[in-house]
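Okay, thanks everyone for coming. I'd like to walk you through a structure that's new to most of us, so let's get it up on the screen.

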Amino acid sequence: MFKKGKINLIRSFALGLVFGGIIVTYGSFLTNSPLISGLFMGLGLLMVLLSTVVYFWIGFLSAKSAYITCPNCEKPTKMLGKVDACMHCKQKLTVDRSLATDNHSDQA
Ligand SMILES: [Zn+2]
């Protein structure tokens with residue numbers, strides 16, 4: 001479902017939104033119509049504003065997420081929710097034993 005950790009994924013989404021907003025705003029200079037120009041400007045501004053909101057949201061999520069040590073690469077990574085992937089080696093991680101794909105007979 002996701003190749004990177006959720007936080008990384010959201011962060012790249014926010015970054016893409018900033019660039020998208022800049023490109024859309026730049027598009028407003030390519031037209032002579034003040035209406036279309038205004039539309040592009042508004043849309044570009046909206047995208048940049050939205051990315052700011054997303055960045056704040058990441059900050060909030062990061063503060064809430066748990067720091068764990070990845071069992072695969074032994075680096076510290078942030079975990080969001082019950083299932084996430086390691087930021088470094090993309091190892092899938094879970095805190096819920098029933099969701100683990102490799103659960104042996106050591107279930108309590
Ligand atoms: Zn790892």
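Let me start with a single residue, glutamate 74: it's exposed, because just 9 other C-beta atoms sit within 10 Å, and the cut-off for exposed is 12 or fewer. Keep in mind that this is a predicted model. Glutamate 74 lies in the loop between strand 1 and strand 2. Its phi is positive, about 60 degrees, although it's not a glycine. That's worth a look, as most residues other than glycine have a negative phi.

So what's around that loop? Strand 1, residues 66-69, and strand 2 pair in the antiparallel sense, over four bridges. The hairpin they form has six residues between the strands. If you want one bridge to find on the screen, take alanine 66, whose partner in strand 2 is methionine 79. Strand 2 itself, residues 76-79, has two faces: Thr77 and Met79 are on the covered one, while Pro76 and Lys78 are on the uncovered one.

There's another residue with a positive phi, lysine 90, at about 65 degrees, and it isn't a glycine either. You'll find lysine 90 in the loop between strand 3 and strand 4. Lysine 90 counts as partly exposed, because it has 16 C-beta neighbours inside 10 Å.

Now let's zoom out. The protein has two helices and four strands, and along the sequence the pattern reads α-α-β-β-β-β. Of its 108 residues, 11% are buried.

On to the helices. Helix 2 covers residues 34-64, which is 31 residues; at 1.5 Å a residue it should span 45 Å, and its end C-alpha atoms are indeed 45 Å apart. Helix 1 has 22 residues and should span 32 Å, and the 31 Å between its end C-alpha atoms agrees with that.

Which residues of helix 1 are buried? They're Lys6, Leu17 and Gly21. These cover an arc of only 65 degrees around the axis, so they're on the same side of helix 1. Turn to the face pointing away from that buried side, and you get the exposed residues Ser12, Gly16, Phe19, Ile23 and Tyr26. As for what the buried residues of helix 1 pack against, that's helix 2 and strand 3, residues 83-85.

From the other direction, helix 2 has Phe40, Met47 and Ile58 buried, and the buried residues of helix 2 pack against helix 1. Let's stop at isoleucine 58. It's buried, because 20 other C-beta atoms lie within 10 Å, and buried starts at 20. Leaving aside residues up to four places away in sequence, isoleucine 58 touches Ile7, Ile10, Arg11 and Ala14. Its C-alpha atom is also 9.1 Å from that of asparagine 8, although the two residues are 50 apart along the chain.

Last thing, the record. An unreviewed UniProt entry carries the annotation "transmembrane region" for residues 12-29 and 35-58. How does the model look over those stretches? Residues 12-29 are 89% helix and 0% strand, with end C-alpha atoms 27 Å apart. Residues 35-58 are 100% helix and 0% strand, and there the end C-alpha atoms are 35 Å apart.

That's my tour, so over to you for questions.

How values were computed:
Residues numbered from 1 in each chain as written. Predicted model: local features only at pLDDT ≥ 70, side-chain atom pairs only at ≥ 80, totals over all residues. Expected span 1.5 Å × (residues − 1). Contact = placed C-beta atoms within 7 Å. UniProt positions renumbered as here; feature names shortened; annotations may be inferred. Arc of directions from axis to C-beta. Pairing = 2+ DSSP bridges.
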